[in-house]
Amino acid sequence: MGTNINENPEIINESESTRRQFIFQKNLDYEKLSLYQLIKADALEYGKWFSAIITVGFYVVLTYRLCHYFYKKKLGWLVRPLQFIAVIFTFCNINRKAIIGPGLVLEHPTCVYIGPHVSMGRGCRLGPRTF
């Protein structure tokens, strides 16, 4: 017979901590990539550079990459105005503390919020046709 999760809460805590460590270890590789490498990977997911430049979703991802870079460099005074302008023009907010791997594609960025505790892997696509 299987173990009841309600009887042994240590099973949940152990698996959650293992999962968090695995996610954290995978994201360390993303943190080592340069800003240019991350932006290039994001742009190439849209197809070609030109298709990325004319897409609103790419501008949201580009703004996130810049905000996250400035946040890591302890330049918070640059982050807030840049993030505010992005929210005003695109109605999309990706928190600067989120850890997102290369190749993020936002097909429909309107009214999207990605919080500070989010951790996404490589090649994530968010949009109406992704499910």
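**View 1. K74 sits in the loop between helices α4 and α5.** This close-up comes from a predicted model. Look at the backbone of K74 here: its phi is near 65 degrees, a positive value in a residue other than glycine. Is K74 buried or exposed? K74 counts as exposed, because its relative accessibility is 71% and the exposed class begins over 50%.

**View 2. Helices α4 and α5 pack against each other on either side of that loop.** Helix α4 covers residues 56-72, and helix α5 covers residues 76-90. Their axes come within 9 Å and cross at roughly 165 degrees. That angle makes α4 roughly antiparallel to α5, since angles over 145 degrees are given that name. The crossing of the two helices is left-handed. Which residues make the contact? From α4 come V56, V60, T63, L66, C67, F70 and Y71, while α5 brings L78, V79, L82, Q83, A86 and T90. Sorted by class, the residues in this contact are ten nonpolar and three polar, with no charged ones.

**View 3. Q83 of helix α5 is a buried residue with polar partners.** You have just met Q83 as part of the contact with α4. Its relative accessible area is 12%, so Q83 falls in the buried class, which lies under 20%. Where does its side chain reach? One polar contact joins the side chain of Q83 to the side chain of N93, at 3.1 Å. The side chain of Q83 also reaches the backbone oxygen of I94, at 3.0 Å. Leaving out residues up to four places away in sequence, Q83 touches C67, N93, I94, N95 and R96. Of these, C67 is a residue of α4 that takes part in the helix contact.

**View 4. Y69 of helix α4 comes close in space to L35.** Find the C-alpha atoms of Y69 and L35: they are separated by 7.1 Å, though the two residues are 34 residues apart along the chain. How accessible is Y69? At 31% relative accessibility, Y69 counts as partly exposed. L35 belongs to helix α2, which spans residues 35-45.

**View 5. D42 is a buried residue in helix α2.** The relative accessible area of D42 is 1%. What surrounds it? Setting aside neighbours within four places in sequence, D42 is in contact with F58, V61, R65, G101, P102, G103 and L104. Among these partners, F58, V61 and R65 lie within the residue range of helix α4.

**View 6. C111 lies in the loop between strands β3 and β4.** Strand β3 covers residues 105-106, and strand β4 covers 112-114. C111 has a positive phi of about 60 degrees although it is not a glycine. Is C111 buried or exposed? With a relative accessible area of 67%, C111 is exposed.

**View 7. The protein chain as a whole puts the close-ups in their place.** There are five helices and six strands in the chain. Starting from the N terminus, the elements run α-α-α-α-α-β-β-β-β-β-β. How many of the residues are buried? Of the 131 residues, 31% count as buried, and you have met Q83 and D42 among them. Finally, consider contacts between residues at least 6 apart in sequence: 38% of them join residues at least 24 apart.

Terms used
Residues numbered from 1 in each chain as written. Predicted model: local features only at pLDDT ≥ 70, side-chain atom pairs only at ≥ 80, totals over all residues. Heavy atoms only, no water. Axes fitted to C-alpha atoms, helices over the stretch in contact; angles between N-to-C directions. Helix = DSSP H or I, 4+ residues; strand = E, 2+ residues; numbered from the N terminus. Parallel < 35°, antiparallel > 145°, perpendicular 65-115°, else oblique. Left-handed = near helix turned anticlockwise from the far one by under 90°. Contact = heavy atoms within 4.5 Å. Nonpolar A, V, L, I, M, F, W, Y, C, P; charged D, E, K, R; others polar. Buried < 20%, exposed > 50% of the residue type's maximum accessible area, 1.4 Å probe, protein only. Polar contact = N/O pair within 3.5 Å; in protein donor to acceptor, adjacent residues only side chain to side chain.
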